[in-house]
Amino acid sequence: MVEVPFDQFMREATAALRSNGALLASLDAEGRPNAMTIGWGVLGVIWGKPIYVALVRPSRYTYGCLESTGDFTVNIPYDSQAEEVLFCGTESGRDHDKFAECGFTPLPSAVVKSVGIGECGLVYECQVVHRNDLVPEALSEDIRAGAYAGGDFHRCYFGEILRTVADS
């Protein structure tokens with residue numbers, strides 16, 4: 001892996017969200033890595049900083065991980081990893097060691113506690129600089145009815161991208 005500018009592979013990172021998804025990795029309170037599939041996210045510049053905004057529901061195991069560590073990595077998988085991405089999106093880290101079961105290698109991060117996924121082609125190392133709960137009343141009715149029929153509104157984690165690495 002080599003360090004690259006955060007915006008060098010924006011197109012690929014966004015395309016991953018629209019296809020199989022990306023993998024958000026964080027550590028639980030015991031330091032065990034966990035990966036969760038994300039299909040929603042925003043990559044851009046806020047406050048003059050490169051930022052990745054990831055949305056996580058309070059009911060998810062990953063929510064507690066993010067609250068515990070205050071950082072995360074976003075990992076862009078290859079298309080050939082669709083099965084692993086599906087597993088990480090349908091099974092809970094409460095019940096599974098997703099890294100072991102998917103054959104993921106924890107990739108030590110240079111600037112955050114959370115690890116990357118060694119088998120992914122692109123990794124963003126992010127430090128949470130702001131978190132914000134969605135305001136149900138502020139959402140349009142079609143989004144509220146479609147994405148939140150059962151409640152469980154996301155918390156938005158604004159992660160400053162401190163380092164980006166990609167396959168060489």
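Which residues are buried in helix α2 (residues 61-69)? In this predicted model, the buried ones are Tyr61, Thr62, Tyr63, Cys65, Leu66 and Thr69.

So what sits over them? The cover for the buried residues of α2 includes strands from several parts of the chain: β2 (22-27), β3 (33-38), β5 (49-56), β6 (71-76), β9 (122-133) and β10 (155-166). Right after the helix comes Gly70, with a positive phi of about 75 degrees.

**Asn34, a neighbour of the helix**

One of the covering strands, β3, is home to Asn34. Asn34 is buried, and its relative accessible area is 2%. Its side chain has a polar partner in α2: the side chain of Thr62, at 3.0 Å. Asn34 also touches other residues of the helix, and its contacts beyond four places in sequence include Tyr61, Thr62 and Cys65. Elsewhere, Asn34 meets Leu24, Ala25 and Ser26, along with Gly93, Lys98 and Phe99.

**Gln127, over in β9**

Now for strand β9, where Gln127 is found. Gln127 is partly exposed, with 29% relative accessible area. Leaving out residues up to four places away in sequence, Gln127 touches Gly70, Asp71, Val112, Phe158, Gly159, Glu160 and Leu162. Gly70 is the residue mentioned above, just after α2. Gln127 and Tyr52 are 75 residues apart along the chain, yet their C-alpha atoms are separated by 9.5 Å.

**The cysteines**

How many disulfides does the model have? The count is zero. Cys65, in helix α2, is in no disulfide, and the nearest cysteine sulfur is that of Cys88, 12 Å away. For Cys126, the closest cysteine sulfur belongs to Cys120 and lies 14 Å off, so it is too far for a bond. A disulfide here would need the two sulfur atoms within 2.5 Å. Both cysteines are buried: Cys65 has a relative accessible area of 1%, and Cys126 has 0%.

Here are the accessibility values for the residues picked out above.

| Residue | Relative accessible area | Class |
|---|---|---|
| Asn34 | 2% | buried |
| Cys65 | 1% | buried |
| Cys126 | 0% | buried |
| Gln127 | 29% | partly exposed |

Is Gln127 buried or partly exposed? Gln127 counts as partly exposed because its 29% falls between the 20% and 50% cut-offs. Asn34, at 2%, is on the buried side.

Notes. Residues numbered from 1 in each chain as written. Predicted model: local features only at pLDDT ≥ 70, side-chain atom pairs only at ≥ 80, totals over all residues. Heavy atoms only, no water. Buried < 20%, exposed > 50% of the residue type's maximum accessible area, 1.4 Å probe, protein only. Helix = DSSP H or I, 4+ residues; strand = E, 2+ residues; numbered from the N terminus. Contact = heavy atoms within 4.5 Å. Polar contact = N/O pair within 3.5 Å; in protein donor to acceptor, adjacent residues only side chain to side chain.
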